[in-house]
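Here are a few notes to read alongside the coordinates. They begin with one residue and its surroundings, and then turn to the core and to the surface.

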Amino acid sequence: MTDHPDFPRGSNPEDSAVVVDLDHYRQNRDPLPITFHRRELDAILWIYGRMVGEGEWKDYAIDHTREKAVFSVFKRSGEMPLFRIEKNPKLAAKQGAFSVVNTQGRILKRGHDLQQVLKVFDKALKLVD
């Protein structure tokens, strides 16, 4: 007899009936990536469009991982991102799930409300060479 992770050592799986919630089982095996909701993405793309119009930004990338969602903006596509707009739900109860991070990794603004966090771009943030 082989050991099964859901049964104590020495017990026979055929002797016990176990009910497993399929949704819970799937989430534990392969958790869904963190994503931006439609309204969040609309707010980010509005800022992105404005900055493209001003000639500051040229390209973007979106990454969805198990820990966070990241919207990166670039001056040129082959470079490091100028800014990263991140959503990390694990920080929602603490500093806030949303943050704007610059190229050096410094957090420019963090908070619970994405609209407030994105106001960091209302100021003239420009890359200094």
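1. If residues up to four places away in sequence are set aside, Ser-72 touches Asp-59, Tyr-60, Ala-61, Pro-81, Phe-83 and Arg-84. Please keep in mind that this is a predicted model, and that the contacts named here are read from its atoms.

2. Ser-72 lies in strand β2, and because its relative accessible area is 5%, under the 20% cut-off, Ser-72 counts as buried.

3. Strand β2, which spans residues 69-74, is also one of the elements that contribute two or more residues to the largest nonpolar core, the others being α2 (38-53), β3 (83-87), β4 (98-102) and α3 (114-118). Helix α2 gives the most to this core, namely five residues.

4. The largest nonpolar core has 22 residues, and those with the most contacts inside it are Trp-57, Ile-85, Leu-118 and Phe-121. Which residues does Leu-118 contact, leaving aside its neighbours within four places in sequence? They are Ala-43, Ile-44, Ile-47 and Ile-85, and Ile-85 is itself among the residues with the most contacts inside the core.

5. On the surface, a nonpolar patch is formed by Val-18, Val-20, Leu-22 and Tyr-25, which together have about 360 Å² of accessible area.

6. Within that patch, Tyr-25 deserves a separate remark. Tyr-25 is placed in helix α1, which covers residues 22-29, and because its relative accessibility is 40%, between the 20% and 50% cut-offs, Tyr-25 is classed as partly exposed.

Technical notes
Residues are numbered from 1 along each chain as its sequence is written. This is a predicted model: local features need pLDDT of at least 70, side-chain atom pairs count only at pLDDT 80 or more; totals for chains, interfaces and linings use all residues. Side-chain values use heavy atoms; hydrogens and water are left out. Patches are made of residues with over 30% relative accessible area and no salt bridge: like charges are joined within 9 Å, nonpolar side chains (Val, Leu, Ile, Met, Phe, Trp, Tyr) within 5 Å. Accessible areas come from the Shrake-Rupley method with a 1.4 Å probe; for residues, only the protein chains shown count as cover. A salt bridge is a side-chain nitrogen of Lys or Arg within 4 Å of a carboxyl oxygen of Asp or Glu. Helices (H or I, at least four residues) and strands (E, at least two) are DSSP runs, numbered from the N terminus. Buried means under 20% relative accessible area, exposed over 50%, partly exposed in between (1.4 Å probe, protein chains only). A nonpolar core is a set of buried Ala, Val, Leu, Ile, Met, Phe, Trp, Tyr and Cys residues joined through side-chain atoms within 4.5 Å. Contact means heavy atoms within 4.5 Å.
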